[in-house]
Amino acid sequence: LEAVLGRLVEDKFLGFLDAFKAKNCGPFLQTTDEYSLKHTEVHMQYKRLFEGRIESTLKQLNVSSSDFIKQVVEKAQKDGQYSDFVESLSSVEDFGGFCQMMRQTAAEK
């Protein structure tokens, strides 16, 4: 788990995710409960980025995705250092959570 999390939370990847969010967050600030195709496309791009990184790392380390998710949740409950990562990981699958994260990013700019 430490090797997987270490690779996923390393500065370059988190910086890349932050840059992606900053670049693409603008349209999310003006939304209410309705989302456009653009919002869905941005979510799919984010999902591909995250999943690609996770899949390649898990494959290299021969770790199943279900084991990884279980261990990440346990680690985040014990160590606040991983809370941002868990939020990002959750937003990969949860469109509503992703939109909320993007609105928050836009509001902080």
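**View 1. R53 is a buried residue of helix α4 in this predicted model.** The relative accessibility of R53 is 16%, and since buried means under 20%, R53 counts as buried. R53 lies in helix α4, which spans residues 37-61. When neighbours within four places in sequence are left aside, the contacts of R53 are with R7, L8, E10 and F13. Of these partners, R7 and L8 fall within the range of α1, 2-8, and F13 falls within that of α2, 11-24.

**View 2. T105 in helix α7 is buried.** T105 has a relative accessibility of 16% and is therefore classed as buried. The helix that holds T105 is α7, which covers residues 95-108. Beyond the neighbours within four places in sequence, T105 is in contact with K21, A22 and C25. K21 and A22 belong to the stretch 11-24 of α2.

**View 3. K23 in helix α2 is exposed.** K23 has a relative accessible area of 72%, and because exposed means over 50%, K23 falls in that class. The residue is found in helix α2. K23 and D33 are 10 residues apart along the chain, and 22 Å separates their C-alpha atoms.

**View 4. N62 sits in the loop between α4 and α5.** The phi angle of N62 is near 55°, which is a positive value in a residue other than glycine. N62 has a relative accessible area of 73% and is therefore exposed. On either side of this loop are α4, residues 37-61, and α5, residues 65-78.

**View 5. Helices α4 and α7 pack at an angle of about 95°.** Two packed helices are described by the angle between their axes and the distance between the axes. For α4 and α7 that distance is 11 Å. The two helices are therefore roughly perpendicular to each other, as angles of 65 to 115 degrees fall in this class. On the α4 side the residues that meet α7 are H39, T40, V42, H43 and Y46. On the α7 side they are F95, F98, M101 and M102. By class, this contact has six nonpolar residues, three polar residues and no charged residues.

**View 6. The largest nonpolar core has 24 residues.** The residues with the most contacts inside this core are Y46, F50, I54, F68, F98 and M102. The elements that give two or more residues to the core are α1, α2, α4, α5, α6 and α7. Y46, F98 and M102 also take part in the meeting of α4 with α7.

**View 7. The whole protein chain has seven helices and zero strands.** Along the sequence, the pattern reads α-α-α-α-α-α-α. Taken along the principal axes, the C-alpha atoms fill a box of roughly 40 × 25 × 25 Å. The radius of gyration of the chain is 14 Å; a compact globule with 109 residues would have one near 13 Å, so the two values agree. Buried residues make up 34% of the 109 residues. Of the contacts between residues at least 6 apart in sequence, 76% join residues at least 24 apart.

Technical notes: Residues numbered from 1 in each chain as written. Predicted model: local features only at pLDDT ≥ 70, side-chain atom pairs only at ≥ 80, totals over all residues. Heavy atoms only, no water. Core = buried A, V, L, I, M, F, W, Y, C linked by side-chain atoms within 4.5 Å. Buried < 20%, exposed > 50% of the residue type's maximum accessible area, 1.4 Å probe, protein only. Helix = DSSP H or I, 4+ residues; strand = E, 2+ residues; numbered from the N terminus. Contact = heavy atoms within 4.5 Å. Axes fitted to C-alpha atoms, helices over the stretch in contact; angles between N-to-C directions. Parallel < 35°, antiparallel > 145°, perpendicular 65-115°, else oblique. Nonpolar A, V, L, I, M, F, W, Y, C, P; charged D, E, K, R; others polar. Rg over C-alpha atoms; globule rule 2.2 N^0.38 Å.
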